[in-house]
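Dear colleague,

Please find below the structure that I am handing over to you. My notes on it follow directly after.

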Amino acid sequence: MNHHPNPTPHLDHPNPGTARHAVALNAVTKTYPTPGGGAVTALHETSIGFGTGTFTAVMGPSGSGKSTLLHCAAGLDRPTSGSIRIGDVEVGALDEAAATALRRERVGFVFQAYNLIPALNVADNITLPLRLGAAPIDPAWVREVAARVGLTGRLDARPAHLSGGQQQRVAIARALITRPDVVFADEPTGALDLHTGRQVLALLREVVDTHGQTVVMVTHDAAAATYASRVVFLADGRVTGEAFGPSAQEIAERMNRLGEGRACGT
Ligand code: ADP
Ligand code: MG
């Protein structure tokens, strides 16, 4: 054991657990009302952080709270209790307008169903988040983002004229256009064939490796989860474990133990 006269163990990370996390949930509980007047607790006092510049896959059986976790972390939904920090900003402390602005500028979201606007062409779909803000749109940046996702030359096309993989790449470009710190993706390859799905996963990996952004992705697919460096397992609204760099087989075995065998779907 080395003894330093002036130990500075936190020199790299003066505020461990906060500054290093692009997003952190602290004891987040989310309860939804049910039609009968009851309530379902989708997340139970969940605490988890996502390190800046990391790629995390979130896995768990259907109904385990994966989408709820993502929606709360991304500010698409408010937790019933607990707190969420994006970077060093406590989201719950912001008023609605400030929270909306933070979400628009620092967070991107990719859905399984793409959620493009059919009447708008690719360029207008990609720049939609910028149109909602005040900043002017830089055409060179739009072209760069389109090139990154392999959509050069398709900026005038309508979504209906694109393949599913191309539509999801438009959605990823839309998520990246604000230069967000974090991109959340909820089953982004769920509607795609294997080959096209891999292209989308490689693109998300590149977002982390080349651009240092943070990606948090929900997936049902063990092979898809291997594109992440960390896999977090959820069951019944609780984080039950995690693995770093697991193989697809290790992931599948853990999913079986969580009961994924008895419940499939989203
Ligand atoms: P997953 O994405 O892992 O399938 P969800 O986060 O969608 O799980 O759902 C977790 C639990 O919360 C489920 O029991 C689900 O039925 C319930 N739930 C999710 N969203 C709502 C909602 N808007 N209203 C009522 N219950 C919901
Ligand atoms: Mg879901």
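Please note that this is a predicted model. I begin with one pair of strands, then turn to the sheet, the helices and the ligand.

Strand E9, covering residues 230-235, pairs with strand E10, residues 238-244, in the antiparallel sense, and six bridges connect the two. Within this pairing, phenylalanine 233 has glycine 241 of E10 as its bridge partner. The hairpin of E9 and E10 has two residues between its strands, and aspartate 236 adopts a positive phi near 50 degrees there.

The hairpin belongs to an open sheet of six strands, ordered E6-E7-E8-E3-E9-E10, with mixed pairing. Strand E6 (107-110) and E10 each have a single partner strand because they stand at the edges, so one side of each is left without a neighbour in the sheet. From one strand to the next, the twist averages 20 degrees.

Elsewhere in the sheet, strand E3 (residues 55-59) and strand E8 (residues 214-218) run parallel and are joined by four bridges. Opposite phenylalanine 55 stands valine 215, in E8.

Two helices lie across strands of this sheet. Helix H2, residues 96-106, lies across E6 and strand E7 (182-186), and its direction makes an angle of about 70 degrees with E6. Helix H7, residues 194-209, lies across E3, E7 and E8, and runs at about 150 degrees to E8.

The ligand may be of particular interest to you. Ligand 1 is surrounded by twelve residues, of which Gly63, Gly65, Lys66, Ser67 and Thr68 are the closest. Three polar pairs to its oxygen atoms may be worth inspecting:

- Glycine 65: a polar backbone atom is 3.1 Å from an oxygen atom of ligand 1.
- Serine 67: a backbone N or O atom lies 2.9 Å from an oxygen atom of ligand 1.
- Threonine 68: a polar side-chain atom lies 2.6 Å from an oxygen atom of ligand 1.

On its own, ligand 1 has 560 Å² of accessible area, and the protein covers 62% of this. Which elements give two or more residues to the shell around ligand 1? They are strand E2 (39-51) and helix H1 (66-74). H1 supplies the largest share of that shell, with three residues. Sorted by class, the shell around ligand 1 comprises seven polar, four nonpolar and one charged residues.

With kind regards

How values were computed: Residues numbered from 1 in each chain as written. Chains lettered and ligands numbered in written order. Predicted model: local features only at pLDDT ≥ 70, side-chain atom pairs only at ≥ 80, totals over all residues. Heavy atoms only, no water. Pairing = 2+ DSSP bridges. Axes fitted to C-alpha atoms, helices over the stretch in contact; angles between N-to-C directions. Contact = heavy atoms within 4.5 Å. Near = heavy atom within 4 Å. Polar contact = N/O pair within 3.5 Å; in protein donor to acceptor, adjacent residues only side chain to side chain. Areas by Shrake-Rupley, 256 points an atom, 1.4 Å probe, with all protein chains shown as cover. Nonpolar A, V, L, I, M, F, W, Y, C, P; charged D, E, K, R; others polar.
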